[in-house]
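Reader: Please take a close look at one part of this chain, the part where charged side chains pair up between helices. Give me the terms with their cut-offs as you go.

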Amino acid sequence: GLLTQLLLAPGRVVSVDALTDGLWSDHPPATAVKAIHVHVSHLRAALGADAVHTRPPGYLVTDAGGARDVDRFERALDAAAEARAGGRLEHALDHLRAADGWWRGPALADVADLPFAAAAVARLASLRDQAVDDRMAVELDLGRHERVVADLEALVQHDPLRERRWELLMTALYRCGRQAEALDAYARARAHLVGGLGLEPGPALQRVERHVLHQDLPGPSRATGVAAVAPKPAFSTITARAISGWSAGA
């Protein structure tokens, strides 16, 4: 926990008071400061004398120039966004797959119950969700709707309150010619949102439903980044992963 707290602030001094709060919150033991000094000594013994530096009023680990798994993950996200904006969809997909490869489980799983971890876990989990959604969206942009339907079904079951995934699932189903199932997905999404949050679907999800109903949902953008109108499906009726041992995912 002490190492992770320092790693989340590379190149910056983390005070002993902040380390104490992050490890024990409002209930530190009487020996908290001594315990931190002892743990720092253990870290230096395990990782090398220069692994943790003493800098009043606390300690720091050197910024390793983006060597943390989380740095690599975030760089891959940035590269994917740049490639996608430039219409280089295959490159964007490669970067998003690389980003996913730095994960090996939930964020900070070994220390997630410590007080300092909550904010970092929430941020990293949100970024990972965004990366997964972006990867599905790029697959759709490349016209691979049939390939991603099963993955999207699993994703909406895992997090049924995440509206963007329902939008992607409805789009994939519609482009597969499964308009009735796309509308059923909207009904399922609405049931989850109303039942779980007491909220109606947001404007983006409602817009996808209208496009499905009117059979004019835009088709895949391909490598141009410009959406085309997909052919209307034939329907007779419409039924309503730094430092070794720690990563973004370990």
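Author: The side chains of Arg123 and Glu74 form a salt bridge, with N and O 2.7 Å apart (a salt bridge is a side-chain nitrogen of Lys or Arg within 4 Å of a carboxyl oxygen of Asp or Glu). Arg123 belongs to helix H6 (residues 117-141) and Glu74 to helix H4, so this pair ties together parts that are 49 residues apart in sequence. Helices (H or I, at least four residues) and strands (E, at least two) are DSSP runs, numbered from the N terminus.

The model is predicted: local features need pLDDT of at least 70, side-chain atom pairs count only at pLDDT 80 or more, and totals for chains, interfaces and linings use all residues. Residues are numbered from 1 along each chain as its sequence is written, and side-chain values use heavy atoms, with hydrogens and water left out.

Both partners of the pair are partly exposed: Arg123 has a relative accessible area of 46% and Glu74 one of 22%. Here buried means under 20% relative accessible area, exposed over 50%, and partly exposed in between (1.4 Å probe, protein chains only).

The two helices that carry this pair also pack against each other. H4 and H6 meet at an angle of about 35°, their axes 11 Å apart (axes are lines fitted to C-alpha atoms, for helices over the stretch in contact, and angles run from 0 to 180 degrees between N-to-C directions). Their crossing is left-handed, which means that the near helix is turned anticlockwise from the far one by less than a right angle; clockwise would be right-handed. On the H4 side the contact is made by Val70, Phe73, Glu74, Leu77 and Arg84. On the H6 side the residues include Arg123, Leu124, Leu127, Asp134 and Asp141. Contact means heavy atoms within 4.5 Å. Glu74 and Arg123 thus appear in the packing as well as in the salt bridge.

H4, which spans residues 69-85, holds a further pair within itself. Arg72 forms a salt bridge with Asp69, the closest N and O atoms being 3.0 Å apart. The two residues are three apart, about one turn of the helix. Asp69 is buried at 7% relative accessible area, whereas Arg72 is partly exposed at 26%.

Another pair starts from helix H5. Glu90 and Arg144 meet through their side chains in a salt bridge of 2.5 Å, N to O. Glu90 lies in H5 (residues 89-101) and Arg144 in the loop between H6 and helix H7 (145-158), so parts 54 residues apart in sequence are tied together. Glu90 is partly exposed at 37% relative accessibility, while Arg144 is buried at 18%. Arg84, Asp134, Asp141 and Arg164 are joined into one network by salt bridges that share partners.

For the wider setting, the structure holds 19 salt bridges. The chain has 10 helices and three strands, and 42% of its 250 residues count as buried.
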